[in-house]
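Reader: Please take me through this model one feature at a time, starting with how its elements are delimited.

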Amino acid sequence: MRIIVGISGASGAIYGIRLLEELGRAGVETHLVISSWARETIRQETDYTPEGVEALASVCYSPEDQSAAISSGSFVTAGMVVVPCSMKTVAAIAHGYADNLLVRAADVCLKEQRKLILVPRESPLSAVHLENLLRLARLGVVILPPVPAFYHRPRSVEEIVDHTVGRVLDHLGVPHRLLRRWKETGTVASGDSLGDEHRAAASFAWRLAD
Ligand SMILES: Cc1cc2nc3c(=O)[nH]c(=O)nc-3n(C[C@H](O)[C@H](O)[C@H](O)COP(=O)(O)O)c2cc1C
């Protein structure tokens with residue numbers, strides 16, 4: 001399985017990093033584009049360097065490289081996730097303004113009718129943001145904002161992050177053990193929000209910035 005991952009300059013770079021870690025663990029071939037502003041959010045919000053994040057992917061590209069493989073529909077993939085997705089990138093994808101490789105790769109997914117998942121991050125949302133997101137939802141794009149659920153009683157920011165990452169993996173059809181499912185037992189130890197095994201598996205080399 002081959003998936004494109006785009007990390008754009010919205011807050012929440014850790015969502016993209018955790019997704020890359022989990023896709024790598026599942027043996028998925030990942031093709032990564034980090035936008036210029038995402039390089040800044042990675043530095044501001046995590047203990048990773050942009051180069052360290054790139055090392056998590058199978059292949060990575062410069063956002064300026066419009067001649068990359070993922071720029072063409074002939075390069076077959078199972079789809080793309082933009083995580084986190086800034087409102088600027090939402091607007092660009094919604095209007096086909098492919099002025100960088102991340103948006104071009106998303107544009108290719110739209111034209112080839114491949115799976116496209118956006119994890120948009122902004123609050124509050126303006127009417128412009130909402131209209132762009134609605135336009136994309138009507139084209140079949142999965143709009144999966146990083147909105148936490150609390151029914152699994154998360155004990156940490158890591159668990160909150162993993163809940164959203166787990167939902168993205170669900171939409172990609174990639175098996176995982178990141179989340180406690182509603183009314184499902186047996187996945188994690190009872191009385192433990194996610195289980196020690198999960199915690200051992202999760203490699204969080206990051207902290208929230210002060
Ligand atoms: C620390 C930081 C946090 C940001 N958070 C957001 C955000 O949550 N949502 C958003 O739409 N833009 C956010 N921005 C602004 C985007 O980075 C900016 O619009 C940029 O042009 C997006 O370009 P890109 O989508 O190509 O990465 C943030 C910028 C910085 C520096």
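Author: Helices (H or I, at least four residues) and strands (E, at least two) are DSSP runs, numbered from the N terminus. By that rule the loop between β5 and α6 is the place of P124. The model is predicted: local features need pLDDT of at least 70, side-chain atom pairs count only at pLDDT 80 or more, and totals for chains, interfaces and linings use all residues. Residues are numbered from 1 along each chain as its sequence is written, and side-chain values use heavy atoms, with hydrogens and water left out.

Reader: How many helices and strands does the protein chain have?

Author: The protein chain has eight helices and six strands. Along the sequence they follow the pattern β-α-β-α-α-β-β-α-α-β-α-β-α-α. Of its 210 residues, 50% count as buried (buried is under 20% relative accessible area, exposed over 50%, partly exposed in between, with a 1.4 Å probe and protein chains only). Among contacts (heavy atoms within 4.5 Å) with a separation of 6 or more, 73% join residues 24 or more positions apart.

Reader: In what order do the six strands stand in the sheet?

Author: Strands of a sheet pair through backbone hydrogen bonds, either parallel or antiparallel. Here the six strands form an open sheet in the order β3-β2-β1-β4-β5-β6, with parallel pairing (two strands pair if DSSP finds at least two bridges between them). The edges are β3 and β6 (142-143), each with a single partner strand, so each has one side without a neighbour in the sheet.

Reader: Which strands pair with β2?

Author: β1 (residues 2-7) pairs with β2 in the parallel sense over six bridges, and β3 (residues 59-61) does so over three. Towards β1, the bridge partner of I4 is H31 and that of I7 is I34. Towards β3, L32 of β2 stands opposite C60. Five of the six residues of β2 (residues 29-34) are buried, so the strand is largely enclosed by the rest of the structure.

Reader: Which hand does the β-α-β unit have?

Author: The unit made by β1, helix α1 (residues 13-25) and β2 is right-handed. The term applies if, with the strands pointing away from the viewer, the path from the first strand over the helix to the second runs clockwise.

Reader: What lies across β1, β4, β5 and β6?

Author: Helix α7 (residues 157-172) lies across these strands and runs at about 165 degrees to β5 (116-120). Axes are lines fitted to C-alpha atoms, for helices over the stretch in contact, and angles run from 0 to 180 degrees between N-to-C directions. The axes of α1 and α7 come within 10 Å and cross at roughly 55 degrees. That makes α1 oblique to α7 (under 35 degrees is roughly parallel, over 145 roughly antiparallel, 65 to 115 roughly perpendicular, the rest oblique). Their crossing is right-handed (the near helix is turned clockwise from the far one by less than a right angle; anticlockwise is left-handed). Residues of α1 in this contact include Y15, R18 and E22, and those of α7 include D162, V165 and L169.

Reader: At what angle do α4 and α5 pack?

Author: Helices α4 (residues 87-94) and α5 (residues 101-111) pack at about 45 degrees, with their axes 9 Å apart. T89, A92 and I93 of α4 make the contact with L102, V103, A106 and L110 of α5. Six of the eight residues of α4 are buried, so the helix is largely enclosed by the rest of the structure. The elements covering its buried residues include β4, α5, β5 and α6 (127-138).

Reader: Is P63 buried or exposed?

Author: P63 counts as buried because its relative accessibility is 11%. P63 lies in the loop between β3 and β4 (80-85). Beyond its neighbours within four places in sequence, P63 is in contact with V33, I34, S35, S36, N100 and L101. P63 and L101 are 38 residues apart in sequence but 4.7 Å apart in space, C-alpha to C-alpha.

Reader: Which residues are joined by a cis peptide bond?

Author: Most residues other than glycine have a negative phi, and most peptide bonds are trans. Here a cis bond joins V83 and P84, with omega about -10 degrees, and P84 is in strand β4. Another joins S123 and P124, also with omega about -10 degrees.

Reader: What is the phi of Q113, and what is that of R153?

Author: Q113 has a positive phi near 55 degrees and sits in the loop between α5 and β5. Its relative accessibility is 74%, so Q113 counts as exposed. R153 has a positive phi near 50 degrees and lies in the loop between β6 and α7. R153 is exposed as well, at 70% relative accessible area.
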